[in-house]
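Please read these notes with the structure open beside them. They follow the helix contacts, the aromatic rings and a few backbone outliers.

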Amino acid sequence: MYFARPDALAGSLLDTLLFVKPQIFFAVPRVYEKFEERIRLGIKDASFIKKKIVRFSRNQGTKYVDNISYGKGGTPLMYPVANFLMFRKIRKAMGLDECELFAYGAAPLKRKTFDFFKSLGLILYNNY
């Protein structure tokens, strides 16, 4: 078990995650919001082609999470492509490439943030 340093939101959390490579990640919603902000900046600065890939991948990620959450069936046919093109790279850059469970608690998570991670193929579980 690892705990983040007190200056985690100031920038040290990424270093900790890259070192630890957790299998379970539990954080307050603000941490997920900071991740979202950073990822959105990367998407904003991407080329036209990369933005098309992002749009395609996020659509597949949403379908994947909906299928799991609502029992609609298996993995969408194109999800592995989206995972290869985008999702695994994002998770690796965040130090969460080995993480199997993402959870949050201690405060409510904004729907916008929940939907953003859903579009990345990640299910965020609420714990309290």
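1. F25, Y32, F35, F116 and F117 make up one aromatic cluster. The model is predicted, and every point below should be read with that in mind. A search over the whole structure gives 7 aromatic pairs.

2. Some members of that cluster also belong to a helix contact. On the α2 side the contact residues are Y32, E33, F35, E36, I39 and R40, and on the α5 side they are K112, T113, F116 and F117. By type, the contact between α2 and α5 comprises 5 nonpolar, 1 polar and 4 charged residues. Charged side chains are thus part of this contact and should not be overlooked when it is described.

3. The geometry of this helix pair is as follows. Helix α2 spans residues 29-44 and helix α5 spans residues 111-119; their axes come within 10 Å and cross at roughly 60 degrees. An angle under 65 degrees falls short of roughly perpendicular, and α2 and α5 are therefore oblique to each other. The crossing of α2 past α5 is left-handed.

4. What do the buried residues of α5 pack against? Those residues are T113, F116, F117, K118 and S119. Their packing partners are α2, α3, α4 and β3 (124-126). A lysine, K118, is on the buried list, and a reader checking the model may wish to look at it. After α5 comes G121, with a positive phi near 80 degrees.

5. A second group of aromatic rings involves α3 and α4. Y64 and Y79 form a stacked pair, with 4.1 Å from centre to centre and 15 degrees between the planes. Y64 is in helix α3 and Y79 in helix α4, so the pair ties together parts that are 15 residues apart in sequence. Y79 has a relative accessible area of 11%, which is under the 20% cut-off, so Y79 is buried.

6. Y79 has another ring partner, F87. The ring centres of Y79 and F87 are 5.6 Å apart and the planes stand at 35 degrees, so this pair is tilted. Y79 and F87 are both buried.

7. Is Q60 buried or exposed? This residue sits in helix α3, which covers residues 48-70. Its relative accessible area is 6%, so Q60 is buried. Leaving aside residues up to four places away in sequence, Q60 touches P76, M78, Y79 and A82. Y79 therefore appears both as a contact of Q60 and as a ring partner of Y64, in a pair that joins α3 to α4.

8. G74 lies in the loop between α3 and α4 (79-94). With a relative accessible area of 52%, G74 is exposed. The C-alpha atoms of G74 and Y64 are separated by 7.8 Å, and the two residues are 10 apart along the chain.

9. Two residues other than glycine have positive phi values and deserve a look. K21 has a phi of about 55 degrees and is in the loop between α1 (12-20) and β1 (24-27). Its relative accessibility is 25%, so K21 counts as partly exposed. A106 has a phi near 80 degrees and is in the loop between β2 (101-104) and α5. At 77% relative accessibility, A106 counts as exposed.

Conventions:
Residues are numbered from 1 along each chain as its sequence is written. This is a predicted model: local features need pLDDT of at least 70, side-chain atom pairs count only at pLDDT 80 or more; totals for chains, interfaces and linings use all residues. Side-chain values use heavy atoms; hydrogens and water are left out. Axes are lines fitted to C-alpha atoms, for helices over the stretch in contact, and angles run from 0 to 180 degrees between N-to-C directions. Helices (H or I, at least four residues) and strands (E, at least two) are DSSP runs, numbered from the N terminus. Angles under 35 degrees count as roughly parallel, over 145 as roughly antiparallel, 65 to 115 as roughly perpendicular and the rest as oblique. A crossing is left-handed if the near helix is turned anticlockwise from the far one by less than a right angle, and right-handed if clockwise. Contact means heavy atoms within 4.5 Å. Ala, Val, Leu, Ile, Met, Phe, Trp, Tyr, Cys and Pro count as nonpolar, Asp, Glu, Lys and Arg as charged, and the others, Gly among them, as polar. Buried means under 20% relative accessible area, exposed over 50%, partly exposed in between (1.4 Å probe, protein chains only). Rings of Phe, Tyr and Trp (its six-membered ring) pair if their centres lie within 6.5 Å; planes under 30 degrees apart count as stacked, over 60 as edge-to-face and the rest as tilted.
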